[in-house]
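Thanks for coming, everyone. I would like to spend a few minutes on aromatic rings and on a metal site, so please have a look at the sequence and the structure before I go on.

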Amino acid sequence: MPASNHSRRKFIKQTTQTGLLVAGAGALHLNAWALGGIANNLQTGFDQTPLPYAYAALEPFIDAATMELHYSKHAAAYAKNLKEAVVAENINTQQLLEAALATTSKYSTKFRNNGGGHYNHELFWRCMKPGAAAAKPEGALAKAIDNSFNSFEAFKTQFADAAKSRFGSGWAWLIISADKKLKISSTANQDNPLMDIAEVKGTPILALDVWEHAYYLKYQNRRPEYIENWFKTVNWEFVAQRFSGI
Ligand code: MN
């Protein structure tokens with residue numbers, strides 16, 4: 001066989017061997033976000049995925065500088081630290097991150113903070129999109145919101161209240177509980193409703209980051225104004241997909 005061919009084969013063989021774990025995690029991503037419907041559109045992997053829009057795309061509601069810092073520094077650090085925690089605790093990355101989060105109490109605080117931090121941000125980016133300002137939930141999701149909260153406006157008020165009243169850093173959530181009910185909840189730090197340690201458990205379909213790093217550059221201490229403007233970025237089609245995937 002020609003030397004070049006041999007080298008190429010050798011290279012492919014080595015790459016395949018050393019790349020197995022990485023490729024496995026990458027495949028989970030594809031299922032998760034790129035291919036959406038393959039499973040139930042609720043799955044995420046252990047690596048940071050590309051932001052689905054430009055840093056400036058959510059202007060004027062979320063400014064480009066905040067998005068760049070938030071994605072490339074804060075969220076990137078959670079993904080990096082999650083990798084370290086995964087190695088330190090020998091956590092299987094062939095499973096979904098959701099499965100590991102469901103047994104958070106077995107692992108270290110480093111896993112809890114960074115596994116949550118990574119998952120929460122991967123979800124958060126996809127809960128927003130450019131050009132959504134006049135959008136509202138439609139179809140089955142709209143009906144479920146009306147049934148659970150009386151109206152979309154009442155839902156918004158209750159969700160915003162959960163986000164405003166979270167003391168310090170944390171998140172507001174719209175979740176589906178195990179008994180298939182829509183609920184609003186809030187968690188501290190990078191905890192999330194998938195974790196076995198969460199007070200209110202369920203599958204999150206909408207996530208709002210109320211850490212100061214999410215809004216301080218543009219809104220300073222005006223968290224309520226950030227929340228009101230964030231609603232104008234919500235990707236309701238994505239939320240509806242998650243709702244119907246459960
Ligand atoms: Mn954040």
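Let me start with a definition: a charge is said to sit over a ring if NZ of Lys or CZ of Arg is within 6 Å of the ring centre and within 35 degrees of the ring normal. In this model, which is a predicted one, the charged end of Lys-156 sits over the ring of Phe-231, at 5.1 Å from the ring centre, and Lys-218 lies over the face of Tyr-219, with 5.7 Å to the centre of that ring.

Phe-231 also belongs to an aromatic cluster, which it forms together with Phe-149, Phe-152, Phe-155, Phe-159, Trp-230 and Trp-236.

Turning to the pairs, the structure holds 16 aromatic pairs, and one of them joins Phe-155 and Phe-159, whose centres are 5.6 Å apart with 40° between the planes, a tilted arrangement. These two residues are four apart in helix H7, residues 152-165, and therefore about one helical turn separates them; Phe-155 and Phe-159 are both buried. Tyr-219 and Tyr-226 make a tilted pair as well, because their ring centres lie 5.9 Å apart and their planes stand at 55°, and both of these tyrosines are buried.

Finally, which residues hold the protein donors of the manganese ion? They are His-70, His-121 and His-213, each through NE2, and Asp-209 through OD, at 2.0 to 2.1 Å from the ion, and along the chain they follow the spacing H-x50-H-x87-D-x3-H. Asp-209 counts as buried because its relative accessibility is 0%, and His-213, at 18%, counts as buried too.

Note on methods
Residues numbered from 1 in each chain as written. Predicted model: local features only at pLDDT ≥ 70, side-chain atom pairs only at ≥ 80, totals over all residues. Heavy atoms only, no water. Phe/Tyr/Trp six-rings, centres within 6.5 Å; stacked < 30°, edge-to-face > 60°. Buried < 20%, exposed > 50% of the residue type's maximum accessible area, 1.4 Å probe, protein only. Donors = N, O, S within 2.8 Å, 3.2 Å for Na, K, Ca; no water.
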